[in-house]
Amino acid sequence: MPAQTRTESPSPTPTSLERFNTGPAADIERALLTCLRSLRWARRLTDHRPYPDLDSLLAAADEAAYDLTPADLSEALAAESLPELPDGVYAAAHTALGAAHAAYESRFGHVFVICVDSPSPDEALNQVLTGIRSRLTNDPEEERVVAAEELRRLARERLGNALRGAGNCATSH
């Protein structure tokens, strides 16, 4: 039986984590706010620097996101924008997604947030539409818990991508 190889995501360059750990606090907070728009979350991550590696930073980001108060969550949700549709998505999908977003915002008072795992535009669109439709049945308190988890996943992905050089969070000066 041939050996299976494990592919790992690229690790951050030493300079990106070093820059995160040593950069001016105000710059790091501002950059972190592009990952998750909660000042408390950004300050907590900034205040607990330095982090020995990306995994430690991501674990701290998760913990800080789990500790968001309802006010912190409202702050973060208020600053989120609707996810962009992938290029090439046809007009009917735009219409369906627009109607679903409007229904969601009307019911819950904030934009729909979801961390999409799919690289394919069609699969991503299906994941968003399925997610929004299924979550419209949640009661408001249940949806706040789900939205908080999606924000945590988004922040983790944005932060990891930025430190790997694929995003805009936590490394911009």
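Tyrosine 51 is a good place to start in this predicted model: with a relative accessible area of 7%, tyrosine 51 is buried, because anything under 20% counts as buried. Its ring has a partner. Phenylalanine 20 and tyrosine 51 form a tilted aromatic pair, with 6.0 Å from centre to centre and 45° between the planes. If you trace the chain, you will see that this pair links distant parts of it: phenylalanine 20 belongs to helix H1 (residues 14-22), while tyrosine 51 sits in the loop between H3 and H4, 31 residues apart. Phenylalanine 20 is buried too, at a relative accessible area of 0%.

While you are in that loop, have a look at proline 50, which also lies between H3 and helix H4 (54-66). The peptide bond that leads from arginine 49 into proline 50 is cis, with omega near 5°. That deserves a second glance, because most peptide bonds are trans.

Now for the other rings. A search of the whole structure finds 3 aromatic pairs. Tyrosine 104 and phenylalanine 112 make up one of them, this time edge-to-face, at 5.1 Å centre to centre and with 80° between the planes. Tyrosine 104 is buried at 0% relative accessibility, and phenylalanine 112 is buried with a relative accessible area of 1%. Ring pairs also bring in Phe108, so that Tyr104, Phe108 and Phe112 are linked into a cluster.

Let us turn next to helix H5, which spans residues 70-79 and has Asp72, Leu73, Ala76 and Leu77 as its buried residues. Why do these four lie on the same side of H5? They cover an arc of only 130° around the axis, and that places them together on one side of the helix. Turn to the face of H5 that points away from this buried side, and you meet the exposed residues Pro70, Ala71 and Ala78. What covers the buried residues of H5? The cover includes helix H3 (39-47) and helix H8 (140-163).

Serine 38 brings us back to two of those H5 residues. It lies in the loop between helix H2 (25-32) and H3, and at 0% relative accessibility serine 38 is buried. Leaving aside residues up to four places away in sequence, serine 38 touches Leu33, Leu68, Asp72, Glu75 and Ala76. Asp72 and Ala76 are names you have just met, among the buried residues of H5, so following the contacts of serine 38, meaning heavy atoms within 4.5 Å, is a handy way to find your way from the H2-H3 loop to that helix.

Conventions:
Residues numbered from 1 in each chain as written. Predicted model: local features only at pLDDT ≥ 70, side-chain atom pairs only at ≥ 80, totals over all residues. Heavy atoms only, no water. Buried < 20%, exposed > 50% of the residue type's maximum accessible area, 1.4 Å probe, protein only. Helix = DSSP H or I, 4+ residues; strand = E, 2+ residues; numbered from the N terminus. Arc of directions from axis to C-beta. Phe/Tyr/Trp six-rings, centres within 6.5 Å; stacked < 30°, edge-to-face > 60°.
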